[in-house]
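Student: I am new to this structure and would like a close look at one part of it. Please choose a part, set it in the whole, and work outward through the residues around it.

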Amino acid sequence: MPKPYKIPRSVLVVIYTPAWDVLLIRRTEDDPQAPAFWQSVTGSQDHALEPWAETAAREVWEETGIDCRRGTDLAGALQDWGLENVYPIYPRWLHRYAPGTTHNTERVFGLEVPQGTPVQLSPREHTDYRWLPYAEAADLCFSPSNAEAVLQLPQQSRMALP
């Protein structure tokens, strides 16, 4: 049975500590010659009516083992930054989407976690992780929209609010 097409609506979640260290995860690649693909948590909606925040919390849980789903201690730490990026889908991944789909809409979230929060990667999706100062993390991001989101951290984090 063929897999259903991905929905071209996804989240990007910048996970960070109070010191603005950002969690980056290295994506598993089928091609051993592919460059390292470091990113924040990303993922598509499971269904068209799935709320953005629910998608973000689910993806964080699935990819890092950090639980910010409704009813958990970190649920209130997940913040919708109110930013959306629309970008062309990389040609190598177009086959995952319905024919004629060429662009994805990405909603950006932030999640502040305590220093030392444990990370449990999903081995089918990621092979390694790093906590880096936000500017260094932005430099390592494969995706330009991811790098831009990380650089928004000082303006978006709760620490920057009066």
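Tutor: The answer below gives an outline of the chain and then turns to helix α1 and its surroundings.

The model is predicted, with pLDDT of at least 70 needed for local features and 80 or more for side-chain atom pairs, while totals for chains, interfaces and linings use all residues. Residues are numbered from 1 along each chain as its sequence is written, and side-chain values use heavy atoms, leaving out hydrogens and water.

First, the whole. The chain has 4 helices and 7 strands; these are DSSP runs, H or I of at least four residues for a helix and E of at least two for a strand, numbered from the N terminus. Read from the N terminus, the order is β-β-β-β-α-β-β-β-α-α-α. The chain is as compact as a globular protein of its length, because its radius of gyration is 15 Å, close to the 15 Å that the globule rule gives for 162 residues. That radius is taken over C-alpha atoms, and the rule is 2.2 Å times the number of residues to the power 0.38. Along the principal axes, the C-alpha atoms fill a box of roughly 45 × 35 × 25 Å.

Of the 162 residues, 46% count as buried, where buried means under 20% relative accessible area, exposed over 50%, and partly exposed in between (1.4 Å probe, protein chains only). Among contacts in the chain with a separation of 6 or more, 69% join residues 24 or more positions apart; a contact means heavy atoms within 4.5 Å.

Now the helix. Helix α1 covers residues 52–64, and T55 is one of its residues. T55 counts as buried because its relative accessibility is 0%. Beyond its neighbours within four places in sequence, T55 is in contact with V11, G43, S44, Q45 and E50.

T64 also lies in helix α1. Its relative accessibility is 0% too, so T64 counts as buried. Setting aside residues up to four places away in sequence, T64 touches I15, L23, V41, P118, V119 and Q120. A further pair shows how the chain folds back on this place: T64 and H126 are 62 residues apart along the chain, and their C-alpha atoms are separated by 9.1 Å.

One partner of T64 can be followed further. V119 sits in the loop between β6 and β7 (126–133) and counts as buried because its relative accessibility is 13%. Besides T64, the contacts of V119 outside four places in sequence are L23, I66, Y129 and W131. L23 is therefore a shared partner, since T64 also touches L23. For V119 and Y129, 10 residues apart along the chain, the C-alpha separation is 8.1 Å.

After the helix comes the loop between α1 and β5 (78–88), which holds D67. D67 is partly exposed because its relative accessible area is 22%. Outside four places in sequence, D67 is in contact with W61, T72 and L74. Its C-alpha atom lies 7.2 Å from that of A57, 10 residues away in sequence.

C68 follows D67 in the numbering. C68 is buried, with a relative accessible area of 2%. Its sulfur is 18 Å from the closest cysteine sulfur, in C141, which is too far for a bond. C141 counts as buried as well, at 10% relative accessibility. The count of disulfides comes to 0, a disulfide being a pair of cysteine sulfur atoms within 2.5 Å.

Strand β6 (residues 103–112) holds R107. With a relative accessible area of 17%, R107 is buried. R107 touches W52, and also S10, V11, L12, D80, G82, L83 and E84, not counting residues up to four places away in sequence. V11 appears among the contacts of T55 as well. R107 and S40 are 67 residues apart in sequence and 13 Å apart in space, C-alpha to C-alpha.

One last residue concerns the backbone. Most residues other than glycine have a negative phi. W20 is not a glycine, yet its phi is positive, about 65 degrees. W20 lies in the loop between β1 (9–16) and β2 (21–27), and it is partly exposed because its relative accessible area is 22%.
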